[in-house]
Structures are given as C-alpha cells and as structure tokens.
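Please open the model in a viewer and keep the sequence panel at hand. The tour below proceeds by selection, stop by stop.

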Amino acid sequence: MSATAVATRELMLVEAVNDALHVELARDPSVIVLGEDVGRLGGVFRATAGLREAFGEKRCIDTPLSEAGFLGAAVGLCMAGWRPVVEMQYDAFSYPCLDQLITHVGRYRWRTGGRMGFPLVIRMPYGGGVRAPELHDDSPETYYVHTPGVKVAVPATPADAKGLLAAAIRDPDPVVLFEPKLVYRTARGAVPEGEHVVELGKARRAREGSDLTLVAWGAMVAVCERAADDLAAEASVEVLDLRSLKPLDDEALLASVRRTGRCVVVQEAPRTCGFASEISALLAEHAILDLQGPVLRVTGYDVPYPYWQLEDWYMPSVERVVDAVRRVLAF
Amino acid sequence: MSAVPVVEQDLERVIAGRPAVRPAGLDDDALLALHRSLVRLRVYDERSVVYHSQGRIGTYAIFRGHEAIQAGAVHALEERDWIFPSYRESAIGLLRGLPASTILQWWRGHPSGWWNPEEVNVASICVPIATHVPHAAGLAWGLALKESDAVAVAIFGDGATSEGAFHEGANLAAVFRAPLVLLCNNNQWAISTPLRDQTAAERLSDKAVGYGMPAIRVDGNDVLAVHDAVRRGVEHARAGEGPTFVEAVTYRSFPHATADDPSIYVDRERVEAERGRDCVAAYETYLRDLGVLDDEDVQTVREEALAELRAGIQAAEDEAPGDPELVFAHAYADPPPDLARDLEELRRVHER
Ligand SMILES: Cc1ncc(C[n+]2csc(CCOP(=O)(O)OP(=O)(O)O)c2C)c(N)n1
Ligand SMILES: [Mg+2]
C-alpha cells in the first residue's frame with residue numbers, strides 16, 4: 001500500500017485504454033496514434049475516442065486500409081523520432097502486418113547494433129466469445145511472443161490496461177498490447193487518475209491460494225477466478241495473472257507453483273505451441289521436483305475458431321478449468 | 001498517355017436518369033430477370049436488418065444501395081463463371097441458387113452457413129479485406145491453364161485497394177493474363193474513412209494503368225451500366241486478353257454494419273441526397289418508362305422475395321443448434337488424432 005492515497009476513477013477496460021492514450025499523448029508530444037478508423041470515429045471500439053479533438057489530426061491519424069503499410073510506416077516514424085501507437089482493428093486483421101513485424105519490427109534495433117530504438121506500440125482487441133462473424137475472435141499472441149525483439153502484454157483489468165499501455169508507450173522496444181475485447185465493457189474497476197504505469201514483466205496474484213496455481217492472461221483470468229470460486233469448498237486455488245508474456249515474470253510463476261505444487265494453465269488460443277506450452281516447459285525445467293502432479297493445459301483447440309453458435313464449445317469454460325484442477329488434485 | 005484505356009462513362013448522365021432506350025443485347029426477359037435479382041437482394045438486406053434488430057441474426061453488413069453492382073455483375077456472367085464475394089456481397093449466392101437459409105445461417109454463426117463453392121461457383125465469403133483478390137486471380141489463371149473459357153469476378157471495396165493483397169493479386173492476374181474482372185464497389189467509405197483519406201489517386205480506375213490492364217468506370221447505381229461494364233470485362237477475359245478493373249461508383253448511405261453508428265462521421269445531407277438515387281427505384285422507373293414493368297409486377301416480385309426470406313429464416317431457425325462435434329470437423333481431411341480426444345473430453349466435461 002502506498003502512503004499517499006491515489007485518486008481513482010471507476011472505468012471499463014476500454015475506457016482505461018482510452019484514458020492511458022489521453023494521458024500519454026499529453027505527457028509526450030512525440031506519441032502519435034494511427035490505424036484504421038481511429039481518428040474520425042475514435043476506433044470501432046471507441047478506444048481512441050476524443051484523441052483527435054484533444055490532440056489534432058496530426059497526432060491521431062486515420063490510415064488507409066493497410067496493416068503492413070502502416071506498421072511498416074511506424075518503423076520509419078520511429079526513425080524520424082516519433083513514438084507511434086498503432087491500432088490493429090481486430091486480432092485476425094493484424095495478420096497482414098506480420099511480415100513487417102517479423103522481418104523488421106523485431107529486428108531493426110538488432111540490425112543497427114543497438115544504436116537505434118524502435119519504441120512503437122501495437123494495440124489490438126483480441127479474443128472470442130463476442131458472437132462475431134469469422135476472424136473477429138482470434139487469440140494470436142503466440143505469433144507475436146514468438147517473434148524475437150518484440151514484447152507482449154495482456155491486461156485483464158482496467159487498471160492494468162491503463163498501466164501496461166503506458167509502460168508499453170514508454171518502453172524503448174516494440175510492445176504489443178492484446179486487449180481482451182470480451183471484457184472491454186464488462187471488466188470495470190478503479191483506475192488511478194493521471195499517470196499510471198504498470199511495469200512490464202510483473203505478474204499479478206489475482207487470488208491467493210495454497211493447493212494449486214491457475215495461470216492465465218487476458219479474458220481467461222476471470223474464467224480462472226470463477227473456477228477458483230466454484231472449487232472453494234474443495235481446494236484453495238491461486239490465480240496468477242501473467243499480465244506480461246514477454247518479459248515473463250518467471251520468478252512469480254515459479255514461486256507460486258513451488259508453493260502450491262500444482263499448476264493448470266488456461267489460454268484461449270489453440271493448444272499446440274501456445275504460450276501455455278511455454279509455461280509448462282518452464283515448470284518442467286525449473287520446478288519438476290516441486291510438482292505433485294502434471295501441469296495441465298486448458299486451451300482452445302487446434303482448429304479454426306468456430307462460427308459463433310459453436311464458440312462456447314471452443315472457449316475454455318469454467319467447467320473445463322474445474323475439471324482440469326480436479327484431475328491434478330486427484331493425481 | 002496511358003498504354004491501356006480507362007473508359008469512363010458519363011456519370012452525370014446516369015445520375016440524371018437513363019433515357020427509356022432499350023440496351024442492346026438484353027431482351028425483356030433479361031431486363032426483368034435483372035429486376036427480380038435486384039429485388040431479391042434488396043429484400044434479403046431489408047429483412048436481415050430487421051432480423052438483426054429482433055436478435056435473430058448476429059452483426060450484419062448492410063448492402064442497401066449496392067444491389068445494382070451485385071446483380072449487374074452476376075447477370076453479366078455465365079453459370080460456369082466464378083464469383084469471389086466479400087462480406088458486403090454475402091447474399092450474392094442467392095442469385096446462383098443458394099438458399100436464403102444458408103446465408104442467414106452464416107450471419108447467425110451457425111455452421112450450416114458453410115456452402116460448397118464448387119456447386120454454385122461462388123467462393124466463401126471473404127472477411128479479411130482484399131485477401132480474396134489473389135484467390136480469384138489464381139482460380140481464373142488455373143482455369144485458363146486447363147483451357148476452360150470460364151472467368152472469375154472478385155468484388156471488393158474502395159478501401160480494399162489500399163491493401164497489399166489487392167495490389168499483389170491484381171498485378172499477378174495481369175502478368176498471367178488471368179481471365180478476371182476486378183470489380184470495385186467504390187462506395188466512398190471504408191467504415192469511417194472517406195475515399196480521400198484512402199487514396200491520393202483521382203479515380204480508383206487509374207490504378208489499372210499501373211497494372212497494364214484496362215479499366216471501366218461506371219455509375220454503380222445504374223444496374224445496366226454495371227452489367228455492361230462487367231460484360232465487357234468478361235468478354236475481354238474470355239478472349240484471353242487478361243483482367244479488367246471495373247470501378248462502380250456509388251455511395252454508402254447506410255451504416256457499415258449493424259454495429260456501426262455513422263452519425264459520428266457522415267455528412268447527413270449527402271446521405272439524404274444519395275438515398276434519393278436508389279438503384280432499385282431508378283431501375284424500376286426505367287423499366288416502367290420502357291413499358292416493361294407495371295405496379296403489379298413490382299408487387300409480385302417483392303412478395304416472392306419476401307416469401308423466400310420468410311421461408312429462409314424459418315428454415316434457419318428450425319435447424320438444430322450445431323453439435324460440438326462440428327467444432328472439430330472439416331479443418332483437416334485427415335485430422336490429427338488429438339482432435340478426436342479433445343472432442344471426447346469436451347463431451348465428458350459438458351456431458352454432451
Ligand atoms: C485486413 C482487414 N483489416 C481490417 C478489417 C476491418 N474492416 C472491415 S470492413 C472495413 C472497411 C472496408 O472498406 P471497403 O474496402 O471500402 O469495403 P466496404 O466495407 O465499404 O464495402 C474494415 C477496415 C478487415 N475486415 N480486414
Ligand atoms: Mg467502401
């Protein structure tokens with residue numbers, strides 16, 4: 001607890017994103033926002049609402065429809081001394097930008113022998129459960145986190161959405177922020193007013209427990225919390241919200257799992273080579289003797305995200321999480 | 001001087017209304033068939049907006065005002081020719097015999113919204129902007145390699161011309177002389193982004209020059225103009241001359257989709273003016289002036305279309321919800337074995 005009380009406001013997650021952008025654009029005149037429909041409309045989810053009015057057309061820019069083009073331009077904008085915050089309109093519509101991401105965004109600092117920085121941010125709403133048409137539901141964090149030179153953060157709460165975005169904007173390296181659109185308007189909470197930074201690479205213990213650690217990020221944190229509630233009579237379940245996938249708070253992860261001796265990782269993305277696999281591998285490498293059971297993964301499946309009438313079968317459910325926890329406890 | 005022609009129709013003339021002169025090559029039956037298609041699309045769209053407001057379909061991309069582009073194009077094709085639609089042309093398969101229920105199911109997020117493109121020569125609805133342009137180029141090229149005389153039409157928006165996939169597909173089609181018509185629905189908006197922020201080119205059709213292909217620019221509210229332009233592109237393609245870019249100029253005077261609130265960004269007066277240039281009403285006036293259509297015909301065609309939609313939504317709603325098995329179906333011809341284990345586990349946990 002800090003000694004001085006920080007003034008807070010109750011905000012929805014998407015409002016907290018918007019708040020962070022307003023604060024950071026006001027703080028640093030080199031920060032600019034660009035993407036499809038971010039200006040006039042204020043973003044299809046209203047995440048950039050009011051920026052154009054507050055900071056002018058030159059700092060909140062509607063781009064042509066060209067994800068590879070404007071991410072590539074963001075690399076050049078960095079070279080010209082700007083700190084671009086790029087919005088991808090939806091998870092799956094970021095895919096055209098992967099060429100620039102992989103071949104340049106993640107490599108340019110390295111290519112200059114560390115002489116030039118590329119302090120750009122990519123933000124995107126991600127994830128399913130929103131009853132949307134095809135390709136509005138993906139969880140593509142693995143593609144990004146697999147790319148060297150790029151950092152990745154995923155907030156689960158409004159305060160973290162604001163703080164992680166601020167940290168991303170201030171970071172000297174490219175950072176991708178995945179915003180869980182499922183809870184854009186349902187996750188509400190107290191958000192510190194004014195400047196608020198949540199350091200990248202620090203996990204958050206969303207719930208304390210002693211029998212098993214549920215590890216999650218983004219929209220799956222709330223699913224894990226509900227599962228922990230449902231299990232309250234049977235077990236004391238800890239929920240660890242990673243908040244940042246790269247850098248990863250492996251200390252917090254290992255400390256928690258060493259204490260509880262059990263772990264289930266929950267992710268929305270398809271299973272194979274998803275980030276849950278990485279967590280699992282780390283635990284096998286560093287905590288094998290502390291484990292009292294297998295590390296299980298509850299994930300989306302290795303299929304295209306289904307049409308929305310079927311999506312509840314695809315998304316990790318509270319029931320599937322509870323089932324996995326029971327299997328580990330019974331091991 | 002450009003090496004390839006950009007044929008520009010006199011847009012003003014069309015806006016002011018077509019003279020009551022019969023177009024060459026279209027008899028009364030053909031003119032009425034075109035009308036029927038326009039009305040079927042219009043009614044599909046009108047009803048879909050209502051179904052959405054009643055919670056019977058999900059988010060829906062409205063195409064009111066763009067029926068002339070879609071019907072005009074389909075009627076310029078033979079059944080063996082392929083259509084590559086974007087989400088904006090989601091219902092174009094109606095004109096190739098797809099049941100309304102199939103398309104409604106797509107918007108209801110039901111897996112029976114899947115269709116077999118080969119049965120109707122209509123590719124799946126493409127959601128990511130412009131990514132179907134190279135598919136259409138590849139299909140057209142591939143058919144030509146097999147010495148088929150079928151052609152393809154890819155339909156996309158003004159915003160799509162900014163994407164790499166559009167450029168790469170168009171260029172490739174021109175290099176391989178693929179029998180393709182690139183039909184751009186220039187409705188002057190990409191969600192909230194107006195055309196002037198999308199391109200510095202004066203006309204989208206000018207882009208064709210850079211690819212070495214001809215272009216035709218027409219009024220997209222004039223179904224006969226679109227029909228004629230696409231027909232010319234198709235003839236050019238069938239003759240082995242390669243692709244044509246057709247720019248159909250219209251205006252999006254309705255929301256981008258049911259989730260969109262255009263009041264934030266549109267020019268209300270312009271929208272009102274554009275609504276007054278409705279493509280279906282304009283064609284009906286033209287046919288009446290020709291003496292080919294009367295009130296009774298209009299009524300009959302509309303009622304048939306309404307009945308088609310009533311039956312369609314009924315069939316869609318009567319269908320059982322998709323089984324969880326379908327989550328795992330069809331991604332592979334030969335699925336890796338863990339998918340079957342996943343399904344089994346899902347059923348065990350959810351007792352389904
Ligand atoms: C690659 C990609 N980026 C972004 C989107 C989100 N999006 C859907 S429709 C649209 C505007 C498209 O405008 P245009 O090409 O003019 O077609 P229109 O919607 O006007 O028919 C955008 C940006 C998308 N579907 N795909
Ligand atoms: Mg458009």
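Helices and strands are taken here as DSSP runs, helices (H or I) having at least four residues and strands (E) at least two, and they are numbered from the N terminus. The model is predicted.

**Stop 1: a histidine in a loop**

Select B:His110, which is located in the loop that runs between α4 (100–107) and α5 (117–120) of chain B. Is B:His110 buried or exposed? B:His110 is buried, because its relative accessibility is 4% and the limit for this class is under 20%. Its side chain comes to 2.9 Å from the backbone nitrogen of B:Ser112. Next, display the contacts of B:His110 with residues further than four places away in sequence; among them are A:Tyr307 and A:Gln309 from chain A, and B:Gln105 and B:Glu319 from chain B.

**Stop 2: aromatic rings**

Keep A:Tyr307 selected and add B:Tyr44, B:Tyr60, B:Phe63, B:Trp106, B:Trp107 and B:Trp114; ring pairs link these residues into a cluster. Over all chains, the structure holds 25 aromatic pairs. One of them is formed by A:Tyr90 and A:Phe93, an edge-to-face pair with 5.7 Å from centre to centre and 75 degrees between the planes. Both partners may be coloured as buried: A:Tyr90 has a relative accessible area of 15%, and A:Phe93 has a relative accessibility of 13%.

Two arginines placed over rings can be shown in the same view. In chain A, A:Arg111 lies over the face of A:Tyr108, 4.8 Å from the ring centre. In chain B, the charged end of B:Arg275 sits over the ring of B:Phe254, at 4.1 Å from its centre.

**Stop 3: ligand 1 and the magnesium ion**

Select ligand 1, which lies between chains A and B. It is surrounded by 20 residues, and the closest are A:Glu67, B:Tyr87, B:Arg88, B:Asp158 and B:Gly159. Oxygen atoms of the ligand have polar side-chain atoms beside them: one of B:Tyr87 at 2.6 Å, and one of B:Arg88 at 2.7 Å. A side-chain N or O atom of B:Asn187 is 2.9 Å from an oxygen atom of ligand 1.

Which protein residues donate to the magnesium ion (ligand 2)? The donors are B:Asp158 (OD), B:Asn187 (OD1) and B:Trp189 (O), at 2.0 to 2.1 Å from the ion. Their spacing in sequence is D-x28-N-x1-W. B:Asn187 and B:Trp189 are both buried.

**Stop 4: a cysteine in a helix**

Select A:Cys78 in helix α3 (residues 67–79) of chain A. A:Cys78 is buried, with a relative accessible area of 7%. Beyond its neighbours within four places in sequence, A:Cys78 is in contact with A:Pro84, A:Gly117, A:Phe118, A:Pro119 and A:Leu120. Its C-alpha atom is 8.9 Å from that of A:Met116, a residue 38 places away along the chain.

**Stop 5: backbone geometry**

Most residues other than glycine have a negative phi, and most peptide bonds are trans. The peptide bond from A:Lys246 to A:Pro247, however, is cis, with omega near 0 degrees; A:Pro247 is in the loop between β12 (244–246) and α9 (250–260) of chain A.

Finally, compare two residues with positive phi. A:Cys273 has phi near 65 degrees and lies in the loop between β13 (263–270) and α10 (275–286) of chain A; A:Cys273 is exposed, at 61% relative accessible area. B:Ala130 has phi near 70 degrees and is found in the loop between α5 and α6 (133–145) of chain B; B:Ala130 is buried, at 2% relative accessibility.

How values were computed: Residues are numbered from 1 along each chain as its sequence is written. Chains are lettered from A and ligands numbered from 1 in the order in which they are written. This is a predicted model: local features need pLDDT of at least 70, side-chain atom pairs count only at pLDDT 80 or more; totals for chains, interfaces and linings use all residues. Side-chain values use heavy atoms; hydrogens and water are left out. Rings of Phe, Tyr and Trp (its six-membered ring) pair if their centres lie within 6.5 Å; planes under 30 degrees apart count as stacked, over 60 as edge-to-face and the rest as tilted. Buried means under 20% relative accessible area, exposed over 50%, partly exposed in between (1.4 Å probe, protein chains only). A charge sits over a ring if NZ of Lys or CZ of Arg is within 6 Å of the ring centre and within 35 degrees of the ring normal. Donors are N, O and S atoms within 2.8 Å of the metal (3.2 Å for Na, K and Ca); water is not among the atoms, so sites may look incomplete. A polar contact is a pair of N or O atoms within 3.5 Å; within protein, one must be able to donate a hydrogen and the other to accept it, and residues adjacent in sequence count only if both atoms are side-chain atoms. Contact means heavy atoms within 4.5 Å. A residue is near a molecule or strand if one of its heavy atoms lies within 4 Å of it.
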